[in-house]
Amino acid sequence: MLDLKWRKSSFSADVHQNCMELAAAPDGVHIRESDEPDAVVRTTPAALGGFIRAIKTGRLDHTL
């Protein structure tokens, strides 16, 4: 596996262990939960940007 430099949100304090972490690599953006570091997904910067924009604009907000 690549030697990735993982980063977490500045909103996550060091005492919390359930943080989402991101790492940039030549093959895309890698994403993992800090409490399960072996479960890593990879996406493209464009797809991640679209997902974040959808969250911010509320396009994924649905009532059940």
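**Close-up views of a predicted model**

**View 1. Helix H1 and a nonpolar surface patch.** Ile52 has its place in helix H1, which spans residues 45-57. The structure shown here is a predicted model. Ile52 is partly exposed, its relative accessible area being 38%. Together with Phe51, Ile55 and Leu60, Ile52 forms a nonpolar patch on the surface. The accessible area of these four residues comes to about 360 Å² together.

**View 2. The order of elements along the chain.** The protein contains 1 helix and 4 strands. Read from the N terminus, the elements follow the order β-β-β-β-α. Of the 64 residues of the protein, 22% count as buried. The accessible surface of the protein amounts to about 5,400 Å², and carbon and sulfur atoms account for 56% of this surface. Among contacts between residues at least 6 apart in sequence, 12% join residues at least 24 apart.

**View 3. The open sheet.** The 4 strands form an open sheet with antiparallel pairing, in the order S1-S2-S3-S4. Strand S1 (7-8) and strand S4 stand at the edges; each has a single partner strand, so one side of each is left without a neighbour in the sheet. In a regular strand, side chains alternate between the two faces of the sheet. Strands S1 and S2 run antiparallel and are joined by 2 bridges. Within this pairing, Lys8 has Glu21 of S2 as its bridge partner.

**View 4. The hairpin of S3 and S4.** Strands S3 and S4 form a hairpin, with 2 residues between them. Strand S3 covers residues 28-33, and 5 bridges join S3 to S4 in an antiparallel arrangement. The bridge partner of His30 in S4 is Arg42. Strand S4 covers residues 36-43 and is hardly covered: among its 8 residues, the count of buried residues is 0.

**View 5. The salt bridge between Glu21 and Arg32.** The structure holds 2 salt bridges. In one of these, the side chains of Glu21 and Arg32 meet, with a distance of 2.6 Å from N to O. Glu21 lies in strand S2 (residues 20-25) and Arg32 in strand S3, so the pair ties together parts of the chain that are 11 residues apart in sequence. Side chains of opposite charge can pair when their charged atoms come close. Both partners are covered: Glu21 is buried, with a relative accessible area of 13%, and Arg32 is buried, with a relative accessible area of 17%. Each value falls under 20%, which is the limit for a buried residue. The same two side chains are also joined by a polar contact of 2.6 Å.

**View 6. The surroundings of Glu21.** Glu21 has its place in strand S2. Not counting residues up to four places away in sequence, Glu21 touches Trp6, Arg7, Lys8, His30, Ile31, Arg32 and Ser34. Among these residues, Lys8 is joined to Glu21 as its bridge partner, and Arg32 meets the side chain of Glu21 in a salt bridge. Glu21 and Val40 are 19 residues apart in sequence, and their C-alpha atoms are 9.7 Å apart in space.

**View 7. The surroundings of Arg32.** Arg32 lies in strand S3. When neighbours within four places in sequence are left aside, Arg32 is in contact with Trp6, Cys19, Met20, Glu21, Pro37, Ala39 and Val40. One of these contacts is polar, linking the side chain of Arg32 with that of Glu21 at 2.6 Å. Trp6 is listed among the contacts of Arg32 and also among those of Glu21.

**View 8. The salt bridge between Arg42 and Asp27.** Arg42 forms a salt bridge with Asp27, and the closest N and O atoms of the pair are 3.2 Å apart. This pair links distant parts of the chain: Arg42 belongs to strand S4, Asp27 belongs to the loop between S2 and S3, and 15 residues separate the two in sequence. Arg42 counts as exposed, at 55% relative accessibility, whereas Asp27 counts as partly exposed, at 36%. Arg42 is also the bridge partner of His30.

Key
Residues are numbered from 1 along each chain as its sequence is written. This is a predicted model: local features need pLDDT of at least 70, side-chain atom pairs count only at pLDDT 80 or more; totals for chains, interfaces and linings use all residues. Side-chain values use heavy atoms; hydrogens and water are left out. Buried means under 20% relative accessible area, exposed over 50%, partly exposed in between (1.4 Å probe, protein chains only). Two strands pair if DSSP finds at least two bridges between them. Contact means heavy atoms within 4.5 Å. Accessible areas come from the Shrake-Rupley method with a 1.4 Å probe; for residues, only the protein chains shown count as cover. Patches are made of residues with over 30% relative accessible area and no salt bridge: like charges are joined within 9 Å, nonpolar side chains (Val, Leu, Ile, Met, Phe, Trp, Tyr) within 5 Å. A polar contact is a pair of N or O atoms within 3.5 Å; within protein, one must be able to donate a hydrogen and the other to accept it, and residues adjacent in sequence count only if both atoms are side-chain atoms.
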